[in-house]
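Biologist: Please take a close look at the aromatic side chains and the way they are packed. A plain account with the cut-offs will do.

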Amino acid sequence: MEQKITFYPIGNADTTLIELSNDQKVLVDYADMRCKDDPNDKRIDLPAELNKVVKKDYDVVCFTHCDNDHICGFSDFFYLQHATVYQSGERKKIKELWVPASILTETNLTGEARILRSEARYRLKNKSGILVFSRPKKLKEWCDQQEDICYDDIRHLIVDAGQLVPGFTLAGSGIEFFVHSPFVSGTENVDRNCEAIVMQATFNDSCKTKVILGSDINHEVWSDIVKVTRHFKNDERLAWDIFHISHHSSYTSLGPEKGVNETVPNDNVKWLFETMGNGRSRIVSPSWSIPTNDDDVQPPHRQAAAYYKRVANNKQGEFRVTMDHPTKNKPEPLTYIIDSYSCARLFIKAAAAISFPYEHKTSRAGDGK
Amino acid sequence: MSTKHPGQVMESDYYELPVKQSLQTGVNDLKIDKARDFALTLSAGTFVDNVICYTIIEGDNRLFNVGDEIVTFDIHLDISQKVVNDIRYTERLAVQFPVNDDAIPWVYALRTSFPLVLHRHSMYFENPVCLCIYEQSYDDLKLEWRSQKFIDDIRSWLVLTSQGTLHQEDQPLEPFLIFNDGKIVLSNDIENKEPVYVYLVSQKGSKVNLVANHIYHPQSEYHYLFLKGSPQEHGIINKSPENLYDLHEFLLTAGIDLVESLRPVITDDVNNRLLINKKLLLVVQLPKIAANSDRIEHDFYCFLCHDNLKTIGINQNFISEAPDKSLGLVFPKVDSDPSKAAFIRISILSPYINISKDLALLYSGNKQYKEIQQTKICQIGTGALGSELFMNMAKSGLGTWSLIDEDIMLPHNLVRHQLDNNDILNSKS
């Protein structure tokens, strides 16, 4: 039995597809970043690539937050319930939409983010096809202002940090999602609602392969996550075999300073990477190729990448950049196959460019005469 | 300034090939067609990085010769997180293409911590490890050689090894020694029957071809010694032994004290001039236990010493020459020194087991007829057709035969009959 997790090469943007063995499809973020008119744009044609794999609807689409590099072009691809204008053609339906609570309450949104907010609000009013992550005070306030939403009626659609997402179990679907963020700090009563959805997915293979989906959060939020998770003795929920790192190899997700050659992570992030990473684990940077200089202030930062590479090497694992996989010239989706017996392995497409076909024989004898 | 972090992969984490001097060349400047095509295929493909090519300009005149070309590269592999053998997601390999294309391109894993897994070639150097990608002879492989297939096969070697599934039931457990020094045919009951006569069939340069069996042979110039080791789980031979001392060291692991085994052979027969001037032929059986299984394999190794027993005896202080050299030899009571045996060079011969009825049945593809192997068959008439039938059946290991024919071989029968001129005027049956 095999499950798959695929990261798409779309520059500094996130799209992750999880294909479960029961044929369910979970998509985390959707950002079609490619300029169709630019022949030199090496970013992948995301809708085309997704349609190769997902023929029917998506069981879950999770938007970790509503920045452009996580939602770009989603309203052209998905069938949206709230307006007929988004229902034409071959659009893919979303059975369940996962969004952070902030999307519902935020004001001054424009463009795609505004469309996403409308869709989320519509689904919430219908009390179906949506899960909202975290329950900031603002959410209740917003509900109270609405005539057609009663906060008490939608409580069951809210998922808090520190919980498993309902509807997915290891035994049933073969995967479970543990929510780390966004969370509301109970003691300080501080809203962290501006933060994105961060989850740990655990597969039911023999290694219990764990994938952390880091979205775009910074090192301070990571610190909070580590502290809270350790406080509740849920350390295992921060263990990882595959780490989809936060914010496209930005140093800000590791520590306060970029560093000269290597970013020094804060103590909690250091613990997360160096202690909680399993042997032969993988780090995936959803980003452009790592630059060799510091000319660009935007991520990826070579210093952060240097740290990730070192962590991966120490664990005899690997660090892969989506836009470099398998080559810089022609990036392709980066897929890990999660085999129920031997755990995660990189998917390598058979060499299609063979100039001369040959009869394939087993290289070593032992073909049992 | 590069500081090494613990565990970080640095250049020093990789071995270099034991090549005295080499020159880096561009892919398109490679002279050997196979090497160039291989390097181009690598460069054009995905999941391969850092393709670098070299030409040897000063070799060691053994395996590495001037003009040999080497391609090194990093190959990315679809290896699982959970592995049996520590093969990494990315491995650095070197492939050496012999200048005359007279041997299979050698594949080396350069990582210093590469595990000592099965299916390696045993070289005269221990590092780097040389992978045994193919069992077939290069002559067979040449016919359908393709660079892409070679890359795929290397990849598949590494992936299967990582899962511990490369080894198949019918394959030997020891790393393959490179048998370059000749061949020997052993009779199939050689391990438990004496005497054994060994004689030379042909010799070409330093390569010798020998036969060992129980039939008396007047020109037997070799003394045969059979040794059997205790069963081992792991291969003990990681490098081809070059001299008697190397071999002694290896065999100690298998519970054989080679030097002490030689002492009685040499001292007991000290006055037997016939024996003492013979060269030593060692046949060593190393039973191996396959990991996670009760299966025991019996691998044979044959080593031929370049010196005769007398020289070995003197070398090891078992005997000494009489002062006048022409007379007998005397025994000094001095301990032997195995390390001195490093002066005695040995050759490695590929052993072949002589044919038997069972093997004939197997090789002829008639295993399914096992039950009629011993069937008594009486054939009447062994003429042109009858002799063909009988000979083919018998060669395939089938039947116990009684032949009836009153005719005798005459010259004109030679045209069609299986018998040849040696049998003229003998009975056809």
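Modeller: The charged end of Arg92(B) is placed over the ring of Tyr14(B), 4.2 Å from its centre. A charge is taken to sit over a ring if NZ of Lys or CZ of Arg is within 6 Å of the ring centre and within 35 degrees of the ring normal. Another such case joins two chains: Lys82(B) lies over the face of Tyr341(A), 5.1 Å from the ring centre.

This is a predicted model, in which local features need pLDDT of at least 70 and side-chain atom pairs count only at pLDDT 80 or more, while totals for chains, interfaces and linings use all residues. Residues are numbered from 1 along each chain as its sequence is written, chains are lettered from A and ligands numbered from 1 in the order in which they are written, and side-chain values use heavy atoms, without hydrogens and water.

Over all chains there are 33 aromatic pairs. Rings of Phe, Tyr and Trp (its six-membered ring) pair if their centres lie within 6.5 Å; planes under 30 degrees apart count as stacked, over 60 as edge-to-face and the rest as tilted. Trp98(A) and Phe133(A) form a tilted pair, because their ring centres are 5.6 Å apart and their planes at 45°. Trp98(A) belongs to strand E6 (residues 92–100) of chain A and Phe133(A) to strand E7 (residues 130–133) of chain A, so the pair ties together parts 35 residues apart in sequence. Strands (E, at least two residues) and helices (H or I, at least four) are DSSP runs, numbered from the N terminus. Both Trp98(A) and Phe133(A) are buried, that is, under 20% relative accessible area (1.4 Å probe, protein chains only).

In chain B, the rings of Tyr134(B) and Phe150(B) have centres 6.1 Å apart and planes at 20°, so this pair is stacked. Tyr134(B) is in the loop between strand E7 (129–131) and helix H2 (138–142), and Phe150(B) is in helix H3 (residues 147–163), 16 residues apart. Tyr134(B) is buried at 7% relative accessibility, and Phe150(B) at 1%.

Phe150(B) is also in contact (heavy atoms within 4.5 Å) with Phe38(B). The largest nonpolar core (buried Ala, Val, Leu, Ile, Met, Phe, Trp, Tyr and Cys residues joined through side-chain atoms within 4.5 Å) has 54 residues, of which Phe38(B), Tyr108(B) and Leu158(B) touch the most other members. Elements giving two or more residues to this core include helix H1 (33–44) and strand E2 (48–58) of chain B. H3(B) supplies the largest share, 6 residues.

How values were computed. Buried < 20%, exposed > 50% of the residue type's maximum accessible area, 1.4 Å probe, protein only. Lists of a residue's contacts leave out its neighbours within four places in sequence.
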